[in-house]
Amino acid sequence: MPGGNWGRRQLLISSLSFLAIGASHAAAAGFDSSQWSAGWNHMPPQVQPGGWTFFSPEEAAMIAAFADRLIPADDLSPSGSQAGVAVYIDRQLSGPFGQDTGLYMQPPFADGLPGQGPQSPLTPAQRYRKTLAAIDQYCKNGNLGKGFADLDGAAQDKIITAMEAGTLALPGVNSKAFFQMLWQNTKEGFFADPIYGGNVNMVGWKMIGFPGARYDYRDWIDRHNEPFPLPPIGLADHPDWTPPPTQS
Amino acid sequence: MATTLPHKDVAIIGLGWTGSILAYELATAGLDVVAIERGPWRDTATDFPPSWAPDELRYAVHLDLFQRPAQSTVTMRNNLKQTALPVRKFGSFIPGNGLGGAGVHWNGMTYRNMETDFNWRTHNEQRYGKQMIPEDMTSQDWPISFQELEPFFDQFEKLAGISGKAGNLGGEIQPGGNPFEGPRSAEYPTPPDKQPYGATLYAQAAEGMGLHPFPIPSANISQPYTNPLGVAMGQCTYCGFCDFFGCGNYSKASAQTCVMPALVLQKNFTARMNANVTKINLDSTGKKATGVTYVDDSGQEYIQPADLVLVCAFSFNCVHLLLLSGIGKPYDPVANTGVVGKNYAYQCTSSVNIKLPGKILNPFISGGAVGMALFDYNGDNFDHSSLGFIGGGVLQAAHTGGKPLTQLVSFPGTPSWGSGWKQATKENYQIGYSLGTQGAVQSYRDAYLDLDPTYKDPYGSPLLRMTFDWHPNELKMSQYITGKLAEIGKAMGASEVFATPAKAPYTVIPYQTTHNTGGAITGTDPTNSVVNKYMQTWDVPNVFVFGASVFPQNGGFNPTGNVGALAYWGAHAIKTQYLKNPGPLVPA
Amino acid sequence: MRFVRAAAAAVALITGAMAATPDAAVQGAANGQTIADGKYLAAAGDCVACHTASGGAPFAGGTVIQTPFGRLIGPNLTPDQATGIGAWTDDQFVRAVKYGIGHNGAHLYPGLPYVYFNEVPRADILKIRAYLNTLPPVNNNIVSNQLPFPFDIRFLMAGWNLLFFPDHGDFQPDPSQSADWNRGAYLVQGLGHCAACHTPKNAFGGDRMSDEFEGYVVDGANAPALVDSANDGLGAWSVDEIATYLKTGHNAYADASGAMSSVITHSTSNLTLADDRAIAVYLKSLPGRQTAPQPIAATDPAMVAGMHVYADECAACHMTGGTGEPGLVPALRASPVVAADKPVTLTHVVLNGARSVATEAAPTASAMPAFRGILDDEEIADVLTYVRNSWGNAAPAVTADQVSDLH
């Protein structure tokens, strides 16, 4: 028998007493905060590509250029920017990560020993802005004569290598520390769940064979030394959920 | 202006494992109990259901479930010559927050102290002579024995449904278990977890070398289970999103999974969430607590009067509160006086990364406590006579997941970025495996906690200052046991073995463990401890302290089994002795 | 009379039960046993559901009762003289409960399920009254009738009663049935008033007697069929499983949530296990439809998509075989909620989540997360179609429109 429209006619305002009777149990125990609310959803919002929320177009071009040297396109995967790394970093910098939200940011700030952890008063957003500007300045005004994004791959690699080694001295910024942050964020843009704007089509996960946001491997734990055949899924990425075309 | 609230029999600071166990024990004994927790309520279906729990960036990288340093952090220095600086972003250790505390996102490894962990000093002095223990090593005997605590280990394991295989049942060694464990009265409540491929290769190799591997006693339980409180738990699905994450299907033991459903039915229990206790209040004699002061999210201050105060916050947060409240004499490392803050210790970890070419390890199929371990190089289970150090650690094959941002197995010589990095990362993903040690850390005169002179928390109180470094004993110990672990790696058929024993100095990055111990240690008298054998402070008999801050030193494994047992042990003492006759339970 | 006395004696033999007794035993001042009996019978009748508001004083009224015709407010049953029933005579009280006639002679609405309470013997009703008399009087003036015109005209109930209120008289035990069955029948047909939710209603809100206990959608939730249908009734549940469910809120198959949580908490968990078992014995005797529909083929595109949704989002708790985890996660096979003809509750639970009931015997109160905003309506429809047609289940497919209707 077809279901028909069984929603509207039966849908009366639910008797408050039913919800209330359940909730009164919590009240009896004396809680200040509710234990559970219907319809609660903490899924992060899906990042949409297109446009920049933090980077200027020039900064975005630099980040994309970095991403494509750090993770070049080859037969293992598309390039970093094709995987959405620049979009990912852009959205992160305009969010809590970019503002160091939740970190202890009270003065006084001192340099400290390396083992005492990050001590900079600058947020990641500030550091990206300052350091990208300094790198571009270095490239344009030095004997390279062009901005970082316009250099050829080999020249870009040289700069990255120098940053990594700590030999690229830039005024007012620590390029080695910046490199470490940039590389970390680039990897995040390649390997984090696609809901954050990177790892588009789960290309990072496909490269290594990580099945992503799967939650039940009980049928597989005993299958030692066997390849796992299922493709990756993301929090909001489930290609298999689209019904197959009907045979006609 | 603080608002004074109606009186309660018991005020519990912190609603994690120990807070919830004590709340249940005392509420069911008829007392009026209020638990005051700094963080939010946490509920499985609302806060970490399987639909969004498996999010590495959010939880393992951005630490969404943890304490925010802005709420409270510590300052750190290696020694007295340095200036301590704030841990502005947690790294080496990451305190939990909210209902369940760190028990929400822990691994779940649930070991017990061995017998010789309890009478540590007596045993080692007897075997090796007093000169074996350096002058500045302040490790000491626990004032409790394994036998006394055994029924309470059992009680905690049954609460949590721990999956494992007994190695010593009533004095009889059992095959397949840990032969070095103290004699147990009962088997584990659920059978051991299934093991992924890498862990079984480790166990085979270890057995072939005459060692004694056993399944890690695991709070990621192997089958559905109903605990003695009537609370049901589910079966672990080996999802590989365990440590740093909440469990979405009720299969990782935690306060909210195992205790809270039964606790919330007790009419005489109340919880105040998002409420930060700033002080334990004392009367004019300074020897009696009158209750606690706390501040809620809106900044409103409250005074909660209570007859009994239980300090159940995270380990060093308990010490912080004692110092801020003037309970006990603060430790001065130079003068060598005082006790509060003394004997701070940690966990000395190391890793051995191996390559097993041709194998398909599927590292993503795992769990936080899913793996195999051995105690052959732990405690005093091996002869230290000519080794030049004391103590040891557990050697584990517990590769807890295959998450690409935090769990890739690295090898030296790998290109650090670019196509070479991609190639190596892809190649190593299925064949790379990480073995690890968790080494004991002894206590030292110059490793301690006190109040920082410069930095403050949001309430204007000084931050806790941590002075800590590895000492030669721990470095030698780590060198030795990591070498032993590397041998097992070789015996597994590894083509590459990359061992990284601990090296000085101790650093607050990267992440190591959140096994911070000591600072409010237990002992036989007020000169050598902050609390007596029942976790009762010597100075203020109506204040008890729970958690790892009572450990006189840390053993070679995760502390939670001990922590849970001590909570039940203390609850038992309060119910059967203290309530009948409030006052010091041990003559000072 | 001889027949009734013998039957009454037989019913009185049931262990632990407060049997229906003739008038004579209740005469005189209420003693402790009578009051205790009355309290027990009030639990069987789940009177607090309508007469005790959330956070309100016991039986002081104020609960909103939603009907298809508008709202009623549960009246004040405390012994308050002015606003409660303190001034009522016993006859007036019995007349209200058994016949739906108010103390001033006006008709009551069947928000008070007098259609079912009609079967409860006078003596038992007076035991309830004796219990109510012990409650603290609360001054709480309730205007029960909040129905819109023309339903607020009480006199119209006379016509309704003619059509939909057959006066059965007191419950008559069936001598061909066991004592357990008769006890269960007494509880279910009378005080339990289970049919109020579990029997389909006609357009006037009266019972469709030909479909007794075949299930109904009430307040946007399924009250499942209680007949012995394997597919969408209690066919798969044993007597013990039904009894355990009523006593603890959970059994190997199901975990009560929503409206039934309240019934468990306030009514059936407070009955003896023997009485819950008697209810189960009676329910298992209700014959169900024997032919189940054919399941939709596993190759159907919606089934294939639904299978993937299930594997990715549901199996980690509900298991690949739909078996759930007893006491923690409901089974999706042999589940009346899953297989209901109009699966309102099933859809609602997937959209909004649900928390199962906590009882002292079964405190876990496991919860289902909400999938609104995580699965779109098409995906929800596919996975529900899959679940309803797997593992031996067979039920009509669900469409995305049907899911949208429930937002």
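A polar contact is a pair of N or O atoms within 3.5 Å; within protein, one must be able to donate a hydrogen and the other to accept it, and residues adjacent in sequence count only if both atoms are side-chain atoms. By that rule, 30 residue pairs are in polar contact across the interface of chain B and chain A, both residues at pLDDT 80 or more.

This is a predicted model: local features need pLDDT of at least 70, side-chain atom pairs count only at pLDDT 80 or more, and totals for chains, interfaces and linings use all residues. Residues are numbered from 1 along each chain as its sequence is written, chains are lettered from A in the order in which they are written, and side-chain values use heavy atoms, without hydrogens and water.

**Two interfaces of chain B**

Contact means heavy atoms within 4.5 Å. Buried area is the accessible area (1.4 Å probe) that two parts lose on being put together, summed over both. A salt bridge puts a side-chain nitrogen of Lys or Arg within 4 Å of a carboxyl oxygen of Asp or Glu.

| Pair | Buried area | On carbon and sulfur |
|---|---|---|
| Chain B and chain A | about 6,700 Å² | 63% |
| Chain B and chain C | about 1,500 Å² | 66% |

Against chain A, the losses in chain B are greatest at Arg88(B), Trp417(B) and Lys422(B), together 14% of what that side buries. The contact involves 80 residues of chain B and 79 residues of chain A. There are 2 salt bridges between these chains. In one, Lys422(B) meets Asp74(A) at 2.8 Å, N to O. α11(B) gives the most to this side of chain B, with 8 residues. Helices (H or I, at least four residues) and strands (E, at least two) are DSSP runs, numbered from the N terminus.

Against chain C, Ser51(B), Tyr250(B) and Leu265(B) supply 31% of the area that chain B buries, more than any other three residues. Here 21 residues of chain B touch 21 residues of chain C. The salt bridge count is 1. Asp43(B) pairs with Arg355(C), with the closest N and O atoms 2.8 Å apart.

**Cavities**

On a 1 Å grid over the protein atoms alone, a cavity is a set of points where a 1.4 Å probe fits but cannot get out; lining residues have an atom within 4 Å of a point. The whole structure holds 10 cavities of 30 Å³ or more. The largest encloses about 140 Å³, where volume is the space filled by probe spheres set on the points. Its lining has 16 residues; Asp117(B), Trp120(B), Gly379(B), Gln442(B) and Gly555(B) lie nearest the centre.

Methods:
On a 1 Å grid over the protein atoms alone, a cavity is a set of points where a 1.4 Å probe fits but cannot get out, and a pocket is an open set with protein on both sides within 12 Å along at least five of seven lines; lining residues have an atom within 4 Å of a point.
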